[in-house]
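Student: I should like to learn how to read the features of a structural model. May we work through one together?

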Amino acid sequence: MTGVPASTGGGTGRPAPGGKLGAAAVNQASLWNIANILTMIRLVLVPAFVLLMLQDGGYDPVWRAWAWAAFAVAMITDIFDGHLARTYNLVTDFGKIADPIADKAIMASGLICLSALGDLPWWVTAVILFRELGITLMRFWVIRHGVIPASRGGKLKTLAQGTAVGMYVLALTGPLATLRFWVMAVAVLLTVITGLDYVRQAIVMRRRGMAKARGAVGGGR
């Protein structure tokens with residue numbers, strides 16, 4: 001709906017000339033909102049981050065600092081775009097699809113680059129990416145029965161992952177290098193724990209949904 005009464009077209013009940021064009025303009029304008037623009041910026045930052053990260057073999061502290069800046073901006077936009085979309089009713093189909101893709105793309109690119117450069121064990125990257133992909137597929141598996149909400153633990157996991165990867169991107173030495181090891185350990189632990197909790201929620205939600213469906217079918221006989 002465009003909010004324009006049908007009688008606008010001369011009281012005949014027919015749409016006014018250019019009505020379809022007007023509706024399309026409204027829909028197109030709704031796509032270009034601040035939340036979606038931030039999501040697009042994050043998508044663009046993914047290849048930019050990879051290029052910066054791998055410059056001069058991937059070990060130049062200056063290029064790593066620029067890569068960290070790109071990663072940090074991407075993580076910050078991740079915080080704000082969802083908040084803006086919910087607060088100001090800017091949720092669009094594009095945002096629903098692009099936002100999680102952008103989130104996982106920037107994190108996956110950071111983990112893979114770090115492992116490819118030998119800074120992070122491949123098993124850490126595998127655990128985190130397997131969890132993220134698995135939970136995404138599980139959400140689709142139970143979507144007919146309901147939506148699994150983001151938990152406080154999941155948000156803490158995201159923060160820990162972003163902080164840990166950001167610290168590994170920087171060429172840190174000494175105590176800070178030791179600290180980033182422990183931050184990553186916490187991130188991996190939260191990744192596993194919250195992943196198992198999502199699995200539990202998904203199984204419970206699916207069982208309840210199937211039981212409700214069977215009850216509805218039985219009651220209709």
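Tutor: Certainly. This model is predicted, and a sound reading begins with the order of its elements. From the N terminus on, the protein runs α-α-α-α-α-α-α, that is, seven helices and zero strands.

Student: What share of the residues is buried, and how much surface does the protein expose?

Tutor: Of the 221 residues, 34% count as buried. The protein exposes about 13600 Å², and carbon and sulfur atoms supply 71% of that area.

Student: Among contacts between residues at least 6 apart in sequence, what percentage joins residues at least 24 apart?

Tutor: The figure for this protein is 73%.

Student: How should I read the packing of two helices, and at what angle do H2 and H4 pack?

Tutor: One considers the angle and the distance between the axes together. Helix H2 (residues 34-53) and helix H4 (residues 93-116) pack at an angle of about 15°, with their axes 9 Å apart. Angles under 35 degrees count as roughly parallel, so H2 is roughly parallel to H4. The crossing of H2 past H4 is left-handed, and their contact has 15 nonpolar, five polar and three charged residues.

Student: Is H3 roughly parallel or roughly antiparallel to H4?

Tutor: H3 and H4 pack at an angle of about 155°, with 10 Å between their axes. Since angles over 145 degrees count as roughly antiparallel, H3 is roughly antiparallel to H4. H3 also passes H4 in a left-handed crossing. Contributors from H3 include Phe 71, Met 75 and Asp 78, and those from H4 include Asp 103, Ile 106 and Leu 114. By class, the residues of this contact divide into six nonpolar, no polar and five charged.

Student: How do I judge the setting of a single charged side chain, and is Lys 157 buried or exposed?

Tutor: One compares the relative accessible area with a cut-off, then lists the partners. Lys 157 lies in helix H6 (residues 152-169). Its relative accessible area is 5%; under 20% counts as buried, and therefore Lys 157 is buried. Beyond its neighbours within four places in sequence, Lys 157 is in contact with Arg 131, Glu 132, Leu 190, Thr 191 and Thr 194.

Student: What should I look for in backbone angles, and what is phi of Asp 56?

Tutor: Most residues other than glycine have a negative phi. Asp 56 has a positive phi, near 55°. Asp 56 is placed in the loop between H2 and helix H3 (61-87). With a relative accessible area of 56%, Asp 56 is exposed.

Key
Residues numbered from 1 in each chain as written. Predicted model: local features only at pLDDT ≥ 70, side-chain atom pairs only at ≥ 80, totals over all residues. Heavy atoms only, no water. Helix = DSSP H or I, 4+ residues; strand = E, 2+ residues; numbered from the N terminus. Buried < 20%, exposed > 50% of the residue type's maximum accessible area, 1.4 Å probe, protein only. Contact = heavy atoms within 4.5 Å. Areas by Shrake-Rupley, 256 points an atom, 1.4 Å probe, with all protein chains shown as cover. Axes fitted to C-alpha atoms, helices over the stretch in contact; angles between N-to-C directions. Parallel < 35°, antiparallel > 145°, perpendicular 65-115°, else oblique. Left-handed = near helix turned anticlockwise from the far one by under 90°. Nonpolar A, V, L, I, M, F, W, Y, C, P; charged D, E, K, R; others polar.
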